[in-house]
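Okay everyone, thanks for coming. Let me put the structure up, and then I'll talk you through it.

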Amino acid sequence: MTLDHDGSAVVVLGPTASGKSDVAMALARSAAQDGGFEIVAVDAMQVYRRMDIGTAKPTVADRAAVPHHLLDLVDPDHDFAVTEFSSAASAAMADIRSRGKVPLLVGGTGLYLRALTDPMEIPGSWPEIRAALEHRAQTASVATLHAELAELDPIAAAKMEPSNVRRVVRALEVCLGSGRRFSSFGPGLDTYPAVPFVQFGLRWARPVLARRIEDRVHRMVAAGLPDEVSQLLQEFPGLSRTARQALGYKEVIEHLDGRISLDEAVAQVVLRTRQFAVRQERWFRRDPRIRWIDIHDDPVAESVGEIEDHLARLIGPPS
RNA sequence: GGUCGAGUAGCUCAGUCGGCAGAGCACACGCCUGAAAAGCGUGGGGUCACCGGAUCGACGCCGGUCUCGACCA
């Protein structure tokens with residue numbers, strides 16, 4: 001199988017526990033004879049070293065069989081963000097293409113994926129300004145800040161709820177810091193231009209996926225998630241603000257601190273992971289460029305053939 | 001068997017003096033431009049355990065029944 005090497009790529013996406021990693025491995029193996037695919041993980045938490053079990057990071061064996069990119073980029077005390085991911089990903093994809101292979105993007109982090117597939121200009125950051133704004137958001141009110149934003153950038157202000165501190169603060173930060181309107185950095189996420197990425201989405205019935213999530217969380221615990229977390233805390237007592245939010249870690253830390261029982265922690269992880277999966281579905285499902293494949297039981301068996309057929313049709317008959 | 005307490009949304013519980021049944025969580029839906037496994041918003045949902053009574057009017061008052069819990073026997 002060959003695809004253009006001029007900026008196109010294949011994407012396999014879906015909610016957590018949908019089986020996208022397995023599907024990607026199967027696709028890469030099947031295309032291996034031509035050099036084929038290298039996998040690019042589009043995942044906000046798998047970028048952290050030492051966070052393996054809880055992030056369902058691809059196994060050592062899989063990583064030996066097929067090159068994986070964008071795993072283990074930083075230590076867990078590092079505050080990671082989209083732009084950093086975006087530049088690392090651009091470099092990785094250029095590298096893959098330079099070797100005549102095609103990037104196979106696998107991911108569930110919607111924003112990170114959009115930052116790769118779509119031409120997005122992400123504004124810079126102005127930490128001092130932000131700190132001041134965050135302080136004012138607490139002492140005064142968010143509504144005040146939202147009113148100020150409405151003066152500086154009515155378009156941006158109209159697009160966000162006055163109660164959303166993060167968005168309001170960020171938009172003001174960019175306006176004040178860059179001297180440009182926040183809304184001038186692009187049309188926002190609600191535009192779906194044609195892009196040279198062929199995107200396949202794995203779609204499950206919600207109760208079935210919920211069951212898979214529950215099973216997987218229990219398997220993670222059995223595989224030693226609590227030990228992984230306590231070792232992580234020994235090595236990095238100050239997990240970064242971003243790494244600390246990882247599902248499974250947050251709750252197990254509460255348990256290790258003696259605040260909740262292990263059973264309670266597990267129940268929390270299951271619930272919050274299910275809610276996360278729903279949020280992922282809602283993010284992806286409005287993107288009309290995604291080709292959905294309904295999975296009922298076996299992700300690999302039910303999707304790989306269809307994906308390969310579709311890719312073959314795109315490339316056209318062999319000449 | 002007796003005494004006391006409880007029974008209100010899927011769950012945990014508020015409900016003042018008798019006057020249009022509430023919250024949190026869950027669930028559904030939407031939003032998202034340097035935290036995104038994060039953050040924000042909107043919505044649906046009720047035989048107030050059951051039966052009867054007094055009252056213009058009952059989740060609330062009176063009588064009874066059932067269920068659960070605690071205590072006493």
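**Two helix pairs and an RNA surface**

So, H3 and H4 sit oblique to each other. Before I unpack that, please keep in mind that what you see is a predicted model.

Now, how do we describe a pair like that? Two packed helices are described by the angle between their axes and by the distance between those axes. Here, H3 covers residues 82–98 and H4 covers residues 110–117, and they pack at about 45° with their axes 10 Å apart. The crossing of H3 past H4 is right-handed. And which residues make the contact? On the H3 side you have Val82, Phe85, Ser86 and Ala89, and on the H4 side Leu111, Tyr112, Ala115 and Leu116. Sort the residues of that contact by class and you get 7 nonpolar, 1 polar and no charged.

Okay, zooming out for a moment. Chain A has 13 helices and 6 strands. Its C-alpha atoms fill a box of roughly 65 × 50 × 35 Å along the principal axes. Is that chain spread out or compact? Well, a compact globule of 319 residues would have a radius of gyration near 20 Å, and chain A comes in at 21 Å, so the two agree.

On to the second helix pair, H5 and H8. H5 is residues 127–139, and its axis comes within 9 Å of the axis of H8, crossing at roughly 140°. That makes H5 oblique to H8. H5 also passes H8 in a right-handed crossing. From H5, the residues in this contact are Ile129, Arg130, Leu133, Glu134 and Ala137, and they meet Val165, Val169, Leu172, Glu173, Leu176 and Gly177 of H8. By class, the contact of H5 with H8 has 7 nonpolar, 1 polar and 3 charged residues. So charged residues do turn up here, 3 of them, whereas the contact of H3 with H4 has no charged ones.

Last stop, the RNA. Which residues come nearest to RNA strand B? Out of the 51 around the strand, they are Ala44, Met45, Glu161, Gly186 and Leu247. Some of our helices show up again here: H3, H4, H8 (165–178) and H12 (262–285) each supply at least two residues of the surface near RNA strand B. H12 gives the largest share, 8 residues. And by class that surface is a mix, with 19 nonpolar, 17 polar and 15 charged residues.

That's my tour, thanks for listening.

Key. Residues numbered from 1 in each chain as written. Chains lettered and ligands numbered in written order. Predicted model: local features only at pLDDT ≥ 70, side-chain atom pairs only at ≥ 80, totals over all residues. Axes fitted to C-alpha atoms, helices over the stretch in contact; angles between N-to-C directions. Helix = DSSP H or I, 4+ residues; strand = E, 2+ residues; numbered from the N terminus. Parallel < 35°, antiparallel > 145°, perpendicular 65-115°, else oblique. Left-handed = near helix turned anticlockwise from the far one by under 90°. Contact = placed C-beta atoms within 7 Å. Nonpolar A, V, L, I, M, F, W, Y, C, P; charged D, E, K, R; others polar. Near = placed C-beta within 6 Å. Rg over C-alpha atoms; globule rule 2.2 N^0.38 Å.
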